[in-house]
Amino acid sequence: MYDQIITARLYKTMLLIRQIELRIAEIYYTDAIKSPVHLSVGQESIAVGVCDALEKDDIVSNTYRCHATYIAKGGNLFEMMAELYGKATGCAGGKAGSMHLVDIKNGVMGASAVVGTTIPVATGYALAMQNEAKITGKQRVVVALCGDGGTEEGCFYESINFAALRKLPIIFICENNRLAIHTPLEKRWATDQLCERIATFGIKTHKIDDADVFTIRDTMVNALADIRKGSGPIFIECATYRWLEHVGPLDDHKDDYRNTKEYQTWKDNDQILRLGKMLDEKTRIQLEDEVALTLQQIEKFAEESPYPAAEELYTHVYAS
Ligand SMILES: Cc1ncc(C[n+]2csc(CCOP(=O)(O)OP(=O)(O)O)c2C)c(N)n1
C-alpha cells in the first residue's frame with residue numbers, strides 16, 4: 001500500500017499532464033498554438049509511474065507524443081507552453097514546437113517527429129553514461145520510450161541488440177496503445193508477444209497490462225536498482241489507450257478504426273480518478289487548485305512572451 005505523500009505526488013503530476021493537455025486542446029482552435037499536437041490524454045500513468053522513480057540526473061527520451069514525459073520528468077512548464085505558442089522563450093526558442101520538447105537541465109532529451117529515431121540516440125547516451133560512471137562512480141540511467149509502432153523500426157532492434165551486448169544502463173519502455181495512427185496491432189503483427197521477442201536478445205522484460213501507476217512505479221524502482229548495479233538493459237511493455245485522435249485536439253471514437261467498448265474499459269480504469277479517490281478531500285482540492293494556478297501562469301507567460309526576432313531564422317541552422 002502506498003503512503004499518502006507518494007499517492008498525492010503521483011495524482012498531482014498525472015492531473016497536471018491531463019489538465020495542461022485538455023487546455024491545449026481548447027486553445028488549439030484559437031490558432032495561438034503553432035504546431036501539431038499529439039496528446040497523451042489517457043496515457044498519463046506511464047510517464048508518471050516511470051519518471052517518479054527516476055533521479056533528477058537520469059534522462060528520458062521520447063517520441064513526438066512527448067508532453068507527458070516532459071512534464072513528469074520536471075521539464076520547465078513555462079518553456080513548454082511558450083514553445084507550443086512559437087515564442088522566443090520556448091524550450092527550443094519557439095522554432096520546434098510540440099513534437100520537439102527538450103530540457104537537458106531536467107533530464108529531457110530532445111524528442112523527434114520521426115518514429116524510432118530517438119531510440120538509437122538514447123542508446124548512445126546510455127553508452128556515454130556507462131563510461132561516465134567509470135569516472136564518477138555513479139551510474140545514471142536513460143529511459144527510452146516509444147510506441148508499439150516504434151518497435152517496428154529497424155533501429156529499435158539494432159539499439160536493443162547493442163544495449164544487451166554492452167549491458168548498457170537503459171530501460172526501454174513501449175507505451176503500447178495498440179495503434180499506429182489508425183492501424184490497430186491486429187493488422188500489423190502476427191502475434192502480440194512483444195516481450196517474448198525482446199527476451200530473445202537477452203533482455204529481461206516486464207509486461208504491465210492495466211496501466212496501474214503504482215505497478216509501473218514499482219517495476220521501475222526494481223529495474224533501476226538492477227541497472228545501477230550493472231544488470232544491463234530492461235524492457236517494460238505498458239498497455240494503455242489513447243483517448244483522443246492521433247494528432248490534434250479531437251475525440252475520434254466514431255471512426256471505424258476505434259472500438260468504443262475498449263475505450264470505455266480504459267476510461268473506467270482512469271488512474272487519475274482512482275488516485276483522486278484515495279486522497280482525503282482537503283488534500284485533493286488543494287492539489288487541484290495548485291494545478292489550476294500553474295495552468296493560468298504558464299498560459300499567461302506564453303501569451304505575453306515575444307515571438308523570435310526575424311534574425312533567428314538564420315541561427316541554429318548548422319551545428320557550430
Ligand atoms: C519513420 C517514420 N515513419 C512513419 C511516420 C509516420 N507516423 C507518424 S506517427 C506514426 C505512428 C506511430 O505509432 P506508435 O509508435 O505506436 O506511437 P503512438 O502515435 O501510438 O504514440 C507514424 C507511422 C513517421 N513520423 N516516421
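**Exercise 1. Find the order of the strands in the open sheet, and say which ones sit at its edges.**

Solution. In this predicted model, five strands make an open sheet with parallel pairing, and the order reads E1-E2-E3-E7-E6. Now look at the ends: strand E1 (59–61) and E6 are the edge strands, each pairing on one side only. As for twist, neighbouring strands here are turned against each other by 20 degrees on average, ignoring direction.

**Exercise 2. Work out which strands pair with E7, and over how many bridges.**

Solution. Start with strand E3 (residues 170–176): six bridges join E3 to E7, and the two run parallel. Here Ile171 stands opposite Ile234 of E7. Next take strand E6 (residues 204–208), which pairs with E7 over five bridges, again in the parallel sense. On this side, Lys204 stands opposite Ile234, and His206 has Ile236 as its bridge partner. To get from E6 to E7, the chain passes through helix H8 (residues 213–228), in a right-handed β-α-β crossover.

**Exercise 3. Sort the side chains of E7 by direction, and decide: buried or exposed?**

Solution. First, a rule of thumb: in a regular strand, side chains alternate between the two faces of the sheet. In E7, Ile234, Ile236 and Cys238 point one way, while Phe235, Glu237 and Ala239 point the other. Then check the cover: six of the six residues in E7 (residues 234–239) are buried, that is, under 20% relative accessible area.

**Exercise 4. Which helix lies across E2, E3 and E7?**

Solution. Pick helix H6 (residues 154–165), which lies across these strands and runs at about 145 degrees to E3.

Terms used:
Residues numbered from 1 in each chain as written. Predicted model: local features only at pLDDT ≥ 70, side-chain atom pairs only at ≥ 80, totals over all residues. Heavy atoms only, no water. Buried < 20%, exposed > 50% of the residue type's maximum accessible area, 1.4 Å probe, protein only. Helix = DSSP H or I, 4+ residues; strand = E, 2+ residues; numbered from the N terminus. Pairing = 2+ DSSP bridges. Right-handed = clockwise from strand over helix to strand, strands pointing away. Axes fitted to C-alpha atoms, helices over the stretch in contact; angles between N-to-C directions. Contact = heavy atoms within 4.5 Å.
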